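Trainee: I should like a close look at one part of this assembly, followed outward into its surroundings. Please take the elements in turn and show how they are connected.

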Amino acid sequence: MPPLEEVKERIEQALPGARATVTDLTGGGDHLRAEVVYKGFAGLSRLEQHKLVYGVFEGEIGGPIHALSLKTVIPLAGNHGSSEDSGKGDSQ
Amino acid sequence: MTNEEIRAELQRAIGEERVMLFMKGTPDAPRCGFSARVTQILNASGVEYSAMDILPDPRIRAELSGLSGWPTIPQLFVGGELVGGCDIVTEMFESGELAGTLGVEAPHTEAPAPQQTAQAPPLQIE
């Protein structure tokens, strides 16, 4: 199972400029949560945003990564985005 | 059942059931914390929905993910369209959007807040 740091790096490499925070929900290393701040989410539905992140791990979710919970955030303009900016329904 | 029959049954369920949940276990006995949370939210919303347990045959999940392009379970469909999985349904519930998507009025009484994910680890380990 990929360590948290690897999951973070893969997201950030696949989505240029993205910042990911990855946590382990259960301590078991296979139920992960990622909060991803990425300019490229702008204009996409929340569903499309999540698919973009899931796409980084094609075939591994449900396998080595049993579960990957996501929160996607579009950074505010002129700000590289902190999770404080996220609010709810930010994708709309 | 052949894979084609499984796919046809999934397509039928998605197309014919207005609110269709694919989950691990059943609404009465969910087998995963994420599926449990979505059933709690749907129950709190007061919407009628159908549910299918994907666990009995691993091909169900494979065919479903192939159809939806969504890798995880649960998956909620409304009117034949994928709404999302546990994270999206939870966010929409908390923001109040979900009632509109489901075509129901927002619950008048305060619905039980979904538990934080960290406090509700999935019950099932594959």
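In what order do the elements of chain A run from the N terminus on? Please start from there and examine the sheet of chain A closely, together with what lies around it.

Mentor: The model is a predicted one, and what follows should be read accordingly. Starting at the N terminus, the elements of chain A follow the order α-β-β-α-β, which amounts to 2 helices and 3 strands. The chain has 92 residues, of which 36% are buried. Among its contacts with a separation of 6 or more, 48% link residues 24 or more positions apart.

The sheet itself is open, with 3 strands in the order β1-β2-β3 of chain A and mixed pairing. Because β1 and β3 of chain A each have a single partner strand, they stand at the edges, and one side of each is left without a neighbour in the sheet. From one strand to the next, the twist averages 15°. Strands of a sheet pair through backbone hydrogen bonds, and they may do so parallel or antiparallel. Here β1(A), residues 19-24, and β2(A), residues 31-37, run antiparallel and are joined by 6 bridges. Two of the pairs can be located on the structure: A20(A) has V36(A) as its bridge partner in β2(A), and D24(A) has L32(A). Between the two strands of this hairpin lie 6 residues, and G27(A) there takes a positive phi near 85°.

Helix α1(A), residues 4-14, packs on this sheet and touches β1 and β2 of chain A. The direction of α1(A) makes about 155° with that of β1(A).

A second feature of interest is the loop between α2(A), residues 46-56, and β3(A), where I61(A) has its place. I61(A) counts as buried because 20 other C-beta atoms lie within 10 Å of its own, and 20 is the number at which a residue is classed as buried. Leaving aside neighbours within four places in sequence, I61(A) contacts Y54(A) and L68(A) in chain A, and P71(B) and T72(B) in chain B. H31(A) is 30 residues away along the chain, and its C-alpha atom is separated from that of I61(A) by 9.9 Å.

The contacts of I61(A) with P71(B) and T72(B) lead to the contact between the chains. That contact takes 18 residues from chain A and 17 residues from chain B. On the side of chain B that touches chain A, β4(B), residues 81-84, and α4(B), residues 86-95, each supply at least two residues. The most is given by α4(B), with 5 residues. By type, the residues on this side of chain B are 7 nonpolar, 5 polar and 5 charged.

Chain B has a sheet as well. It is open, its 4 strands follow the order β2-β1-β3-β4, and the pairing is mixed. At the edges are β2(B), residues 50-53, and β4(B), each of which pairs on one side only. Neighbouring strands are turned by 25° against each other on average, direction ignored. The strand β3(B), residues 75-78, runs antiparallel to β4(B) and is joined to β4(B) by 3 bridges. One pair to inspect is L76(B), whose bridge partner in β4(B) is G84(B).

From here one may turn to helix α2(B), since its covering includes an element of the other chain: β3(A), residues 67-73, is included among what covers its buried residues, together with β1, β3, α4 and α5 of chain B. The helix occupies residues 33-45, and its 13 residues should span 18 Å at 1.5 Å a residue; the end C-alpha atoms are 18 Å apart, so expectation and model agree. Of these 13 residues, 11 are buried, and the helix is mostly covered. The buried residues include F34(B), R37(B), V38(B), I41(B) and L42(B). Just after the helix, G46(B) takes a positive phi of about 75°.

V38(B) deserves attention within this helix. Not counting residues up to four places away in sequence, V38(B) touches L21(B), M23(B), P74(B), L76(B), C86(B) and V89(B). Nonpolar side chains tend to be buried together in soluble globular proteins. The largest nonpolar core of this model has 51 residues, and those with the most contacts inside it include V38(B), L21(B) and V89(B) from chain B. From chain A the list includes I11(A), A34(A), V36(A) and V53(A). V36(A) returns us to the starting point, as it is the bridge partner of A20(A) in the sheet of chain A.

Notes
Residues numbered from 1 in each chain as written. Chains lettered and ligands numbered in written order. Predicted model: local features only at pLDDT ≥ 70, side-chain atom pairs only at ≥ 80, totals over all residues. Core = buried A, V, L, I, M, F, W, Y, C linked by C-beta atoms within 7 Å. Buried ≥ 20, exposed ≤ 12 C-beta atoms within 10 Å, placed from the backbone. Contact = placed C-beta atoms within 7 Å. Pairing = 2+ DSSP bridges. Nonpolar A, V, L, I, M, F, W, Y, C, P; charged D, E, K, R; others polar. Axes fitted to C-alpha atoms, helices over the stretch in contact; angles between N-to-C directions. Expected span 1.5 Å × (residues − 1).
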